[in-house]
Amino acid sequence: MAATTAKRSKFVVVGGGIAGVTCAEQLASQFPSDEVVLLTAAPLIKAVTNFRQVSKTLEDFDVEEQPSSVLEEKYPNVKVIQSAVKGLQAKEHKLQTESGEEFHYEKLCLCTGGRPKLFTQDNPHVLGIRDTDSAQEFQKRLSKAKRIVVVGNGGIALELVYEVEGCEVIWAVKDKAIGNTFFDAGAAQFLIPSLSADKPERALPCKRARYTTEGAAPTCSPSTDRGAWNQSPGSAGELGSALGPDWHEGIELRGAQEVSHRVHVEYRCEVQTVYTRDEFTQSRQSPQPSSEPSTDTGLWPVYIQLTNGKTYGCDFIVSATGVTPNTEPFLQENNFAVAEDSGLRVDDHMRTSEPDVYAAGDVCTACWEPSPMWQQMRLWTQARQMGWFAARCMAADVLDEPIELDFCFELFSHITKFFNYKVVLLGKFNGQGLGQDHELLVRCTKGQEYVKVVLRGGRMMGAVLIGDTDLEETFENLILNQMDLSAYGEELLNPNIDIEDYFD
C-alpha cells in the first residue's frame, strides 16, 4: 500500500505497553496543546492503575489492559493509531506504518519491548507465553494435559510452575537453583517446599475488568505487564504486550488430572532435542522416569531430550527463557548503536545514537555509568520508570532545559510476588559486580520469611526480603546513606531487635 500524505506531529511514541503508554501520558500532560501520537500493533493498550509509592524508590502498581479510547478520553491530545511500524528514516525524522501512513516527528520514543527467546521456532508443540493471547492459548491446552515440560528460570517460569494444578510439571532449569535471576541458592531452598505444599485460597476476588479484543463482555481478569508491544512486522501472532507478575490472576491453570502440585525439577540442563511422536518411535529411545511417580501410559505427542541425558514425553512444552529486545524494523536504513544484549544503547537522557530518537523499556540498554547500587533488569517497574523519564527528557530538550538523571536510577528496587510470598529486591541483591569482596548475613524462618543482606566494607549494598518482613524502608535507607554497620555484626538481623527503631 502506498503511503498517504505525511502527517506531522511533535511527539511520536511507538509501543502500547507500559513504557510507551507511560511516556505518551507524561508528554500529553506536559504539552496539553500538542498532539502526541501513540502507535501500537495491538488493539489494547496497557495502563498503570493503583500506583503506590511504597518508599523512596520502591513502587507498587497494577497494569490493566484497556481499549485505546480510554487513554484518548483521559488525554484529548493523545491520538492512538493501531498499526505496526514498517520503516524508520531517523535522519529525515519520518516513519511509515504497516497500514500505509507516514509520520514526520520532532521527537520519537521507541518502546517496542522484547520478543520471546523461543529455543525452537515453528514447532506446534512448543508454546511461548508472552501476552494475553498466548496465556489464554496455554490455559486451553493445559485443560487437556497430563504432563507439561517448562523450560526456563525467569519470572514467568517461576509463577507458572507454582500456579499449575492438575498436571505433572517437569521443570528444566540451566542453573543449579530455581529463580537464579532473582535469588541465591538459599532463597531457592526456602521457596522449594511451596511447590509441594497446598496453595492457600485466594483471599480476594479480582476487582478489575479486562477487555477482550473480540468485543465480548469484560471479564474479571487483571493482567500485569513487563514491557511493550511486540512490533515484529507482519507477525500477526506476536502483537501482544509482555507479561509480568499477576498475569495468571483470574485464569484457571488446571490440567486434566485430579492432582494438586506435582513438580519435578531438572537442574543444570538445557534442551538438546525435541522429537515428535513418530521421530521418537523411530529413534527407539525410552523416556527416563522422573524421581516422582508418573503414569507413562501410551505415547506422548512430543518428547524432549535434555542435555543431562534424560528424555521426557509430554503433552506440550512451554518455552519461558526470557526476551530479546525487539529492535526490528528500526535497524534497517539507520545507524543505531546496539549493545551486546541487542538493545538500543541509550545515554542518561534516554537518547539513542540517532538524533531526536529516544528509547525506553525492554527495547533499550542503559549505557550510562550507573549508580553503584543500580542495574538494569528488564522488569515492568523499570519499563514504567524509563517511559516516564524518557518523556521528561524529551520535554527538557524541546524546552531547552537541563535535566538530571532521576532518583529512581539511584537504587535498584523491585517488589513482586513469587509462590504467594511478597518479594522485595534492593540494590546489589545478589552481589552483582561485587566479586568476592562482600559478605552475606541471612535470617530464615521456614515457611515464613527469608532475609538476606549483602555487605561490603561494613556497608549495606543490597538485600533480598521474602515474606512480610516490613524491613524494606529501613534497608533502603541503610543502602542509600551507606552507614557503616560494622559495629552491629550479626545483630543486624537479630529477630529480637526491632531494627526499625534502631535506625530511626
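**Exercise 1.** In which sense do β10 and strand β19 pair, and over how many bridges?

*Solution.* In this predicted model, β10 and strand β19 (residues 316–319) pair in the parallel sense, over three bridges. One position can be located within the pairing: Val126 stands opposite Ile317 in β19.

**Exercise 2.** Place these strands in their sheet and state which strands form the edges.

*Solution.* Begin with the order: the open sheet has five strands, arranged β10-β19-β11-β12-β15 with parallel pairing. Next, identify the edges: β10 (126–128) and β15 (263–266) each pair on one side only. Then consider the twist: neighbouring strands of this sheet are turned by 25 degrees against each other on average, direction ignored. Finally, add the helix: α4 (residues 155–163) lies across β11 (147–151), β12 (168–172), β15 and β19, and runs at about 155 degrees to β12.

**Exercise 3.** Describe the largest nonpolar core and the surroundings of Trp171.

*Solution.* The largest nonpolar core holds 107 residues, and Trp171 is one of those that touch the most other members, as are Phe138 and Met350. Helix α7 (residues 380–398) supplies the largest share of this core, with 10 residues. Apart from this core lies another, of 25 residues, including Leu411 and Ile479. Beyond four places in sequence, the contacts of Trp171 include Ala157, Leu158 and Val161, and also Val263, His264, Val265 and Glu266.

**Exercise 4.** Determine where caution is required in reading the model.

*Solution.* The chain averages a pLDDT of 83, and 82% of the residues score at least 70. However, pLDDT stays under 50 over residues 203–239 and over residues 289–297. Where pLDDT is low, predicted coordinates should not be read in detail.

Notes:
Residues are numbered from 1 along each chain as its sequence is written. This is a predicted model: local features need pLDDT of at least 70, side-chain atom pairs count only at pLDDT 80 or more; totals for chains, interfaces and linings use all residues. Side-chain values use heavy atoms; hydrogens and water are left out. A nonpolar core is a set of buried Ala, Val, Leu, Ile, Met, Phe, Trp, Tyr and Cys residues joined through side-chain atoms within 4.5 Å. Buried means under 20% relative accessible area, exposed over 50%, partly exposed in between (1.4 Å probe, protein chains only). Helices (H or I, at least four residues) and strands (E, at least two) are DSSP runs, numbered from the N terminus. Contact means heavy atoms within 4.5 Å. pLDDT is the predictor's confidence in each residue, from 0 to 100. Two strands pair if DSSP finds at least two bridges between them. Axes are lines fitted to C-alpha atoms, for helices over the stretch in contact, and angles run from 0 to 180 degrees between N-to-C directions.
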